[in-house]
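Please walk me through this structure, starting with how its strands are put together and ending with a few individual residues.

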Amino acid sequence: VQLQASGGGLVQPGGSLRLSCVVSGTVIRINDMGWYRQAPGKPRELVAGFTNGDSTNYADSVKGRFTISRDNGPNTFALQMNSLKPEDTAVYYCNVVRLGKTYWGQGTLVTVSS
C-alpha cells in the first residue's frame with residue numbers, strides 16, 4: 001500500500017486549503033483512513049478520520065472547520081480545511097490501516113501565516 005499526499009502550501013489566516021491522498025497498491029480490506037498532523041516540537045495527532053466504514057471523527061480543535069471526505073476516485077480521500085488558523089501549521093500526513101497494519105503518506109506542509 002502506498003499513499004501520496006498533496007495540496008499543502010502557504011495560506012493566510014482565515015483561508016482554505018484542500019489536501020488529497022491517493023492510495024495505491026492493495027487497497028481492499030482497508031479498515032480506517034485519516035489525516036494526522038505534526039507541528040514542530042509536538043507529537044503527531046489525529047485530525048480527522050473514517051472508522052468502521054463511513055463513521056467520522058475529528059479533533060476538537062478542527063470541528064466545524066475541517067471536513068474529511070472520499071473524493072471522486074475510489075482510492076482517494078481528502079481533507080477540506082476552512083477558517084485556517086496559525087496553530088493549524090504543521091506537516092499533514094494521510095494514513096490508512098489495512099489488516100492491522102498502518103501505512104503513512106510522505107506528509108505535506110501546511111503553513112498558516114500572514
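Two strands count as paired if DSSP finds at least two bridges between them. With that in hand, A90 can be placed: this residue stands opposite V110 in β11. The model is a predicted one, and every value below is computed from it.

The overall plan comes first. The protein chain has zero helices and 11 strands, so that its pattern, read along the sequence, is β-β-β-β-β-β-β-β-β-β-β. The radius of gyration of the protein chain is 13 Å, close to the 13 Å that the globule rule gives for 114 residues, and the chain is therefore as compact as a globular protein of that length. Along the principal axes, the C-alpha trace spans about 40 × 25 × 25 Å. Of the 114 residues, 39% are buried. Among contacts between residues at least 6 apart in sequence, 52% join residues at least 24 apart. The surface that the protein chain exposes comes to about 6000 Å², and carbon and sulfur atoms supply 48% of it.

Strand β9 is a useful place to look in detail. Which strands pair with β9? One of them is strand β4 (residues 30-38), joined to β9 by eight bridges in an antiparallel arrangement. Within that pairing, Q38 has V91 of β9 as its bridge partner. Strand β11 (residues 108-112) also pairs with β9 in the antiparallel sense, over three bridges; the A90 and V110 pair mentioned above belongs to these two strands. Strand β10 (residues 101-104) is antiparallel to β9 as well, with four bridges between them, and here N95 stands opposite W104. The hairpin of β9 and β10 has two residues between the strands, and L99 takes a positive phi near 50° in this hairpin. Eight of the nine residues of β9 are buried, so this strand is largely enclosed by the rest of the structure.

β9 also carries one end of a covalent link. A search of the whole structure finds one disulfide, which joins C21 to C94 with an S to S distance of 2.2 Å. C21 lies in strand β3 (residues 17-24) and C94 in strand β9 (residues 90-98), so the pair ties together parts that are 73 residues apart in sequence. Why is the disulfide of C21 and C94 called right-handed? The torsion about its S-S bond is about 65°, and the disulfide is right-handed because of that value. Both cysteines, C21 and C94, are buried.

C21 leads on to T76, since the residues that T76 touches include C21. T76 is in strand β8 (residues 76-81). Is T76 buried or exposed? Its relative accessible area is 16%, and the cut-off for buried is under 20%, so T76 is buried. Leaving out residues up to four places away in sequence, T76 touches S20, C21, V22, R70 and D71.

G49, in strand β5 (residues 45-51), can be read in the same way. With a relative accessible area of 3%, G49 is buried. Beyond residues up to four places away in sequence, G49 touches M33, G34, S55, T56, N57 and I68. Two of these contacts, M33 and G34, fall in the residue range of β4. The C-alpha atoms of G49 and V112 are separated by 22 Å, and the two residues are 63 apart along the chain.

Note on methods
Residues numbered from 1 in each chain as written. Predicted model: local features only at pLDDT ≥ 70, side-chain atom pairs only at ≥ 80, totals over all residues. Heavy atoms only, no water. Buried < 20%, exposed > 50% of the residue type's maximum accessible area, 1.4 Å probe, protein only. Contact = heavy atoms within 4.5 Å. Disulfide = S-S within 2.5 Å. Rg over C-alpha atoms; globule rule 2.2 N^0.38 Å. Areas by Shrake-Rupley, 256 points an atom, 1.4 Å probe, with all protein chains shown as cover.
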